[in-house]
Amino acid sequence: MNMEQQVFDEWKEDQNCDERLMEAIADPCNLRRAYRKVKSNGGAAGVDGMSIDDVAEWLRAIREN
């Protein structure tokens with residue numbers, strides 16, 4: 001296998017891994033579990049400045065659309 005093909009194969013494998021990771025993160029059960037954990041810990045706003053209460057409102061708006 002030439003170097004170019006090897007690099008492409010590794011990139012494709014990484015891309016598949018990224019897709020599986022994003023699917024796991026965005027899984028509704030995982031999101032609910034994470035939300036409950038942060039809420040129970042009294043979590044502070046993240047880098048985006050959203051508090052956990054803001055996230056709840058945002059999630060409700062998404063669900064309604």
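In the next few minutes I will go through the helices, a salt bridge and two pockets of the structure shown above. Please keep in mind throughout that this is a predicted model.

Let me begin with helix 1, which runs over residues 3-25 and so has 23 residues. At 1.5 Å a residue, a helix of that length should span 33 Å, and the C-alpha atoms at its two ends are indeed 33 Å apart, so the expected and computed spans agree. At the N-terminal end of helix 1 we find Asn2 acting as a cap, with a side-chain oxygen placed 3.2 Å from the backbone nitrogen of Glu4. Further along, Glu19 also belongs to helix 1, and with a relative accessibility of 43% Glu19 counts as partly exposed. If you go from Glu19 back to Met3, which is 16 residues away along the chain, the two C-alpha atoms are separated by 24 Å.

Now to the salt bridge, of which the structure holds one. Which two side chains meet in it? They are those of Asp53 and Lys39, with a distance of 2.8 Å from N to O. Asp53 sits in helix 3, residues 52-64, while Lys39 sits in helix 2, residues 28-40, so this pair ties together parts that are 14 residues apart in sequence. Are these two residues buried, or are they partly exposed? Asp53 has a relative accessibility of 42% and counts as partly exposed, and Lys39, with a relative accessible area of 39%, is partly exposed as well.

Helix 2 and helix 3 come up again when we turn to the pockets. The largest pocket holds about 330 Å³ of space, and its lining includes Pro28, Leu31, Tyr35, Ala56 and Leu59, together with arginines such as Arg32 and Arg63. The elements that contribute two or more residues to this lining are helix 2 and helix 3. Sorted by class, the lining of the largest pocket has six nonpolar and four charged residues, and no polar ones.

The second largest pocket has a volume of about 260 Å³, and among the 14 residues that line it, those closest to its centre are Tyr35, Val38, Ile52, Val55 and Leu59. Here too, helix 2 and helix 3 each supply at least two lining residues. The lining of the second largest pocket divides into 11 nonpolar residues, two polar and one charged.

To finish, I would ask you to look once more at helix 2 and helix 3, which are joined by the salt bridge between Lys39 and Asp53 and which both contribute to the lining of the largest pocket and of the second largest pocket.

Conventions:
Residues numbered from 1 in each chain as written. Predicted model: local features only at pLDDT ≥ 70, side-chain atom pairs only at ≥ 80, totals over all residues. Heavy atoms only, no water. Salt bridge = Lys/Arg side-chain N within 4 Å of Asp/Glu carboxyl O. Helix = DSSP H or I, 4+ residues; strand = E, 2+ residues; numbered from the N terminus. Buried < 20%, exposed > 50% of the residue type's maximum accessible area, 1.4 Å probe, protein only. Expected span 1.5 Å × (residues − 1). Polar contact = N/O pair within 3.5 Å; in protein donor to acceptor, adjacent residues only side chain to side chain. 1 Å grid on protein atoms, 1.4 Å probe; cavity = no way out; pocket = protein on both sides within 12 Å on 5 of 7 lines; lining within 4 Å. Points joined across faces, edges and corners; volume = space filled by probe spheres on them. Nonpolar A, V, L, I, M, F, W, Y, C, P; charged D, E, K, R; others polar.
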